[in-house]
Amino acid sequence: MLNTELWTELTPEEWLDREYAIGLAAAREHGVPFLASIGYTPDDLREIGPKVEAAGVDAIEFSIHYLDPTRLVETARALRESVKVPIIAKLTPHKGDLGELAAMIEPYVDGFACINSYGPTLRIDVDRAEPLLGSSLGYGWLSGAPIRPLAIRSVFEVARRVQKPVVGIGGIVTAKDVIEFFMAGASLVQVCTVILLRGQDYYTKLAKGVSDWLDAHGYEDISQVQGLYLKRLGLKV
Ligand SMILES: Cc1cc2nc3c(=O)[nH]c(=O)nc-3n(C[C@H](O)[C@H](O)[C@H](O)COP(=O)(O)O)c2cc1C
C-alpha cells in the first residue's frame, strides 16, 4: 500500500474526548492495554504526552518518522520527562543503522517498535502521465508485504543491540510472518495494512493462525520462538 497521510485531520480534543473514549472503553471491556501513538518534535511530545497520559492510556509510542536524527535523544528525553507511563520509540527504516539509534535512546525508553512505512516512493499513472497519489510530487510511503524483509532485518538489528523489548511491524500478512518477527527478536507485533485490506476480523484469524502454527510445530508458548534466530547465531542467550 502507498499512503500520503502526513498528520491527523482531527484536533487533539477530538482524539482525546471522542476517539480515545471509544478505544479505551473497548480495551477495558476486553482486558487489553491501550497504546497512544504520537509525534514528532520534543515540544510536541511535551505538550501532547501529558494529555494522552491523563486520558488513561497504558503506554505511549512516539514516531521518529519526520524527525531530524540529531534531535533523537532530545526527543526521547522530552517525552520521558513529561509522562510516567511506559514509552516506545517507533523507528523508521530510512534513518541509518537502527541498532545504533536504538542504543542511543535506550536509557530513556521502555521499548522499540520497528518499522514505520518506507520511502518516500513514487508511482506514475502512465496512461495520464500523472501521479497515482495526490500529494505534492505524488510521493507516498510504502507499507504491507513488500517491506517485510526490511522490517525483519530492522527488528533483528535492534534486538541484537538492546536489552529492552522490540515490537515488530511491517508487512505482516500471515501467521508465519508473525512467527518470523518473533524469531528475529520481537516480543509483540503490530498489524496495519493487512487490516485495512481485509477488515478487523482478520486480527482474530491471525491470532488463531499463530496458535495453530505453534501447536503444529510442537511449541507450548510463543516465548519459545522469541529470539530463536538470535540464539541460533549465538547473539543472545
Ligand atoms: C494509511 C496509513 C497511515 C499511517 N499513519 C501512521 C502514523 O500516523 N504514524 C505512524 O507511526 N505510522 C503510521 N503508519 C505506518 C504503520 O503504522 C506501519 O508502521 C506501517 O504501515 C508498516 O506496517 P504494515 O505493513 O503492517 O502496514 C501508517 C500506515 C498507513 C498504511
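**Conventions**

Contact means that heavy atoms lie within 4.5 Å of each other. The model is predicted: local features need pLDDT of at least 70, side-chain atom pairs count only at pLDDT 80 or more, and totals for chains, interfaces and linings use all residues. Residues are numbered from 1 along each chain as its sequence is written, and side-chain values use heavy atoms, with hydrogens and water left out.

**Exercise 1. Helix α2**

Check the length of helix α2 against its number of residues, then describe its bend and its cover.

*Solution.*
1. Helices (H or I, at least four residues) and strands (E, at least two) are DSSP runs numbered from the N terminus. Helix α2 comprises the 13 residues 42-54.
2. The expected span of a helix is 1.5 Å times one less than its number of residues. For α2 this gives 18 Å, and the end C-alpha atoms are 18 Å apart, so the two values agree.
3. The bend at a residue is the angle between axes fitted to the seven residues ending there and the seven starting there. In α2 the bend is about 30 degrees at I48, and the proline P50 follows within four residues.
4. Buried means under 20% relative accessible area, exposed over 50%, and partly exposed in between (1.4 Å probe, protein chains only). The buried residues of α2 are P42, L45, G49 and V52.
5. The cover of these buried residues includes the helices α1 (12-30) and α3 (72-82), together with the strands β2 (35-38) and β3 (59-63).
6. Just after α2, G56 has a positive phi of about 110 degrees.

**Exercise 2. Helix α5**

Repeat the length check for helix α5 and establish how far the helix is enclosed.

*Solution.*
1. Helix α5 has 12 residues, 148-159, for which a span of 16 Å is expected; its end C-alpha atoms are 16 Å apart, so expectation and model agree.
2. Of these 12 residues, 9 are buried, so α5 is largely enclosed by the rest of the structure.
3. The buried residues are R148, A151, I152, S154, V155, F156, E157, V158 and A159.
4. Their cover includes the strands β4 (87-91), β5 (111-114) and β10 (166-168), as well as the helices α4 (98-105), α6 (175-183) and α9 (228-232).

**Exercise 3. The ligand site**

Identify the closest residues around the ligand, list backbone atoms that approach its oxygen atoms, and give the covered fraction of its area.

*Solution.*
1. A residue is near a molecule if one of its heavy atoms lies within 4 Å of it. By this criterion 17 residues surround the ligand, and the closest are K90, I115, G144, G171 and T193.
2. A polar contact is a pair of N or O atoms within 3.5 Å; within protein, one must be able to donate a hydrogen and the other to accept it, and residues adjacent in sequence count only if both atoms are side-chain atoms.
3. A backbone N or O atom of G171 lies 2.7 Å from a ligand oxygen atom. The corresponding distance is 2.9 Å for a polar backbone atom of I115 and 3.1 Å for one of C192.
4. The protein covers 82% of the 610 Å² of accessible area that the ligand has on its own. Accessible areas come from the Shrake-Rupley method with a 1.4 Å probe; for residues, only the protein chains shown count as cover.

**Exercise 4. Two polar side chains**

State where T92 and D125 lie, whether each is buried or exposed, and which side chain each contacts.

*Solution.*
1. T92 lies in the loop between β4 and α4. With a relative accessible area of 0%, T92 is buried.
2. The side chain of T92 makes a polar contact of 2.9 Å with the side chain of H65. Beyond four places in sequence, T92 touches I64, H65, L98 and N116.
3. D125 lies in strand β7 (residues 124-125) and is buried at 17% relative accessible area.
4. The side chains of D125 and R128 make a polar contact of 2.8 Å. Beyond four places in sequence, D125 touches E130, P131 and L132.

**Exercise 5. Backbone exceptions**

Locate the cis peptide bonds that join G39 to Y40 and G119 to P120, and the positive phi values of A129 and L137.

*Solution.*
1. Most residues other than glycine have a negative phi, and most peptide bonds are trans.
2. The cis bond between G39 and Y40 has an omega of about 0 degrees, and Y40 lies in the loop between β2 and α2.
3. The cis bond between G119 and P120 has an omega of about 5 degrees; P120 belongs to strand β6 (residues 118-122).
4. A129, in the loop between β7 and β8, has a positive phi near 55 degrees and is exposed at 64% relative accessibility.
5. L137, in the loop between β8 and β9, has a positive phi near 70 degrees and is exposed at 66%.
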